[in-house]
Amino acid sequence: QVELVESGGGWVQPGGSLRLSCAASGRTLSSGTMGWFRQAPGKEREFVSVVRWSGGNSATHYADSVKGRFAISRDKDKKTVYLQMNTLKPENEANYYCALDDTKLIVSKLWDEEKYDCWGQGTQVTVTY
């Protein structure tokens, strides 16, 4: 049973930066899809960014709203995925959830949260003055 532990959330002023981390327990996956969704109050959970990998190949994917400001990376030895969030905006405020599937999902399914087998508890990101 894989467990995901998120960290790095907190408060930041608009324009600031935060880095989220998500560490996975259990065996190292030779392939998979891992990344972030978020849910703001009163809204549905939405896709933010993931990294897919298989063997030595990997690819990153972003929601249009965060392209150019957020960067996802993976440390395979630490079984950890990071989300560097820059130029944060008030509309980025949400509870950020880490998600993992032990397969390399096809691109058209990345946004479907039902495709992910494992979820973290979430880490709150607050963007305000």
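Is threonine 33 buried or exposed at its relative accessibility? At 0% relative accessibility, threonine 33 counts as buried (under 20% relative accessible area with a 1.4 Å probe, protein chains only; exposed is over 50%, partly exposed in between). The model is predicted, so local features need pLDDT of at least 70 and side-chain atom pairs pLDDT 80 or more, while totals for chains, interfaces and linings use all residues. Residues are numbered from 1 along each chain as its sequence is written, and side-chain values use heavy atoms, without hydrogens and water.**View 1. Threonine 33 in strand S4.** Strand S4 covers residues 31-39; a strand is a DSSP run of E of at least two residues, numbered from the N terminus. The side chain of threonine 33 reaches the backbone oxygen of threonine 103 at 2.8 Å. Leaving aside neighbours within four places in sequence, threonine 33 is in contact (heavy atoms within 4.5 Å) with residues including Val51, Trp53, Leu100, Thr103 and Tyr116.

**View 2. Tryptophan 36, also in strand S4.** With 0% relative accessibility, tryptophan 36 counts as buried. Its C-alpha atom is separated by 5.4 Å from that of valine 48, a residue twelve places away along the chain.

**View 3. The cavity and its lining.** One cavity of 30 Å³ or more is present in the structure. A cavity is a set of points on a 1 Å grid over the protein atoms alone where a 1.4 Å probe fits but cannot get out, and lining residues have an atom within 4 Å of a point. The largest cavity has a volume (the space filled by probe spheres set on the points) of about 110 Å³. Of its 15 lining residues, the closest to the centre are Ala24, Leu29, Met34, Trp53 and Lys79. Strand S7 (70-75) and strand S8 (80-85) each supply at least two residues of this lining.

Definitions and conventions:
On a 1 Å grid over the protein atoms alone, a cavity is a set of points where a 1.4 Å probe fits but cannot get out, and a pocket is an open set with protein on both sides within 12 Å along at least five of seven lines; lining residues have an atom within 4 Å of a point. Helices (H or I, at least four residues) and strands (E, at least two) are DSSP runs, numbered from the N terminus. A polar contact is a pair of N or O atoms within 3.5 Å; within protein, one must be able to donate a hydrogen and the other to accept it, and residues adjacent in sequence count only if both atoms are side-chain atoms.
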